[in-house]
Amino acid sequence: QVQLVESGGGLVQAGGSLRLTCAASGSIFRINAMGWYRQAAGKKRETVAVSTSGDSTSYADSVKGRFTIFRDNAKHTVYLQMNNLVPEDTAAYYCDVVASRREGYRPRDYWGQGTQVTVSS
């Protein structure tokens, strides 16, 4: 199995910064992509940022220029640096890793437990 442990959420004032961390462990052969998603109360889960194995990244329009996703491949860890936070960023943030456990195995999604980010105005 693959386990994901997230950390770094919390309460911050508007304009502040937080860094989220997601560390993957367990039986991992290859990681294809790592990303962050969020779900605000009463809303659908949305993509925040994704980093693929080719080192390409993509961001939701609402976070471009403020958030940065980066990885430490040796540690199977992905980070989300969030700057200039606004109240609309308040949500539960989830880490997603697309990985295969062994050679020849089809990659699948693994999700973290979520970490709450609350931005006060």
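How do the residues of the lining of the largest pocket divide into nonpolar, polar and charged? The count is 2 nonpolar, 2 polar and 5 charged. This is a predicted model. The walk below starts at that pocket and then moves through the strands to the core.

The largest pocket has a volume of about 150 Å³. Its lining consists of Arg38, Gln39, Ala40, Lys43, Lys44, Glu46, Glu88, Thr90 and Ala91. Arg38 and Glu46 also meet as bridge partners, with Glu46 in β5.

That bridge belongs to a hairpin. Strand β4 covers residues 30–39, and strand β5 covers residues 46–52. The two pair in the antiparallel sense over 6 bridges. Between them lie 6 residues. Gly42 sits in this turn and has a positive phi of about 75 degrees.

β5 also pairs with strand β6, residues 57–59. These two run antiparallel and are joined by 3 bridges. Ser51 stands opposite Thr57 in β6. Here too there is a hairpin, with 4 residues between the strands. Asp55 takes a positive phi near 70 degrees in it.

Now turn to β11, residues 115–120. Strand β2, residues 10–13, pairs with β11 in the parallel sense over 4 bridges. Leu11 has Thr118 of β11 as its bridge partner. β9 is joined to β11 by 3 bridges, and these two run antiparallel. Tyr93 is bridged to Thr115 in β11.

Which side chains of β11 are buried? Thr115, Val117 and Val119 are, and they point to one face. Gln116, Thr118 and Ser120 point to the other face and are not buried. In a regular strand the side chains alternate between the two faces of the sheet. β11 shows such alternation along its length.

The largest nonpolar core has 29 residues. Those with the most contacts inside it are Leu4, Trp36, Val48, Phe67, Leu80, Met82 and Tyr93. Several elements give two or more residues to this core: β1 (2–7), β3 (18–26), β4, β5, β7 (67–72), β8 (77–82), β9 (91–100) and β11. β9 gives the most, with 5 residues.

Leu4 offers a way to look at the surroundings of one core residue. Setting aside residues up to four places away in sequence, Leu4 touches Cys22, Ala23, Ala24, Cys95, Val97, Tyr110, Trp111, Gly112 and Gln113.

Technical notes:
Residues numbered from 1 in each chain as written. Predicted model: local features only at pLDDT ≥ 70, side-chain atom pairs only at ≥ 80, totals over all residues. Heavy atoms only, no water. Pairing = 2+ DSSP bridges. Core = buried A, V, L, I, M, F, W, Y, C linked by side-chain atoms within 4.5 Å. Buried < 20%, exposed > 50% of the residue type's maximum accessible area, 1.4 Å probe, protein only. Contact = heavy atoms within 4.5 Å. 1 Å grid on protein atoms, 1.4 Å probe; cavity = no way out; pocket = protein on both sides within 12 Å on 5 of 7 lines; lining within 4 Å. Points joined across faces, edges and corners; volume = space filled by probe spheres on them. Nonpolar A, V, L, I, M, F, W, Y, C, P; charged D, E, K, R; others polar.
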